[in-house]
Amino acid sequence: LPFPSWAALVQILTAATAIMYAFAPVSMAALHLRDPDRPRPWRMPWPKVLNPAGFCIANLLIYWSDFSTVWKLLLLVFAGRVLFEYKLRTADVRRKDIDWRASSWIWPWLIGMTLISILGRYGGHNVLPDWIDLLVVIAFSLGVFYYAVSVAMPPERVQEAIAMDLPASPPPATPDPPPAGDAAGEGAPA
């Protein structure tokens, strides 16, 4: 079995969740930068602090989940990416809203986290000393975060992608026709 115990299953689910959550602060920071005037019902306080901190915390959770978990997840993400690319190439419709440059940070990030895990204390070779490993994860995370935000889609492409996702506006409302017989005064109670 790929997950010989309950603890191993929880470990891989935690790391997978952390990978998923790591995309949120990058996306939020990129949208704040590229679409700053969009009306929002809620605004996060201190986004310039909390977005990078959230990405660092997600990466620490990934690192703490153990090297044996990280490499399995990287393999699964790679397989998913290959399937995604295959489906894109065989689809009838060409997606114009996919910006490969904007996603160029994902593979270096995942491979870098795997290398740090190999060198780290959690299932790795214990090359990085205590606390230095955490500083390496944080420094690497900040570098990836700021790079990811810098390669986000340009504002005009963001607007095009948003417009593609918005539902078409409904046709203008027309008044209901009068009930049959009302035009001539027929059918109305006296």
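## Largest cavity

The largest cavity is lined by I19, I62, V70, L73, L74, L110, M113 and T114. Helices α3 (67-90) and α4 (106-119) each give at least two residues to this lining. The enclosed space is about 50 Å³. The structure has one cavity of 30 Å³ or more. A cavity is a set of points on a 1 Å grid over the protein atoms alone where a 1.4 Å probe fits but cannot get out; lining residues have an atom within 4 Å of a point. Volume is the space filled by probe spheres set on the points, which are joined across faces, edges and corners.

## Model basis

This is a predicted model: local features need pLDDT of at least 70, side-chain atom pairs need 80 or more, and totals for chains, interfaces and linings use all residues. Numbering starts from 1 along each chain as its sequence is written, and side-chain values use heavy atoms, without hydrogens and water.

## Fold

The protein has six helices and zero strands (DSSP runs: H or I of at least four residues; E of at least two). Of its 190 residues, 31% are buried (under 20% relative accessible area, 1.4 Å probe, protein chains only).

## Surface

About 12700 Å² is exposed, and carbon and sulfur atoms supply 70% of that area (Shrake-Rupley, 1.4 Å probe). W46, V49 and L50 make a nonpolar patch of about 350 Å². Patch residues have over 30% relative accessible area and no salt bridge, with nonpolar side chains joined within 5 Å. A salt bridge puts a Lys or Arg side-chain nitrogen within 4 Å of an Asp or Glu carboxyl oxygen.

V49 sits in helix α2 (residues 47-64). V49 counts as exposed (over 50%) because its relative accessibility is 54%.

Key:
Patch = residues over 30% accessible without salt bridge, like charges linked within 9 Å, V, L, I, M, F, W, Y side chains within 5 Å. 1 Å grid on protein atoms, 1.4 Å probe; cavity = no way out; pocket = protein on both sides within 12 Å on 5 of 7 lines; lining within 4 Å.
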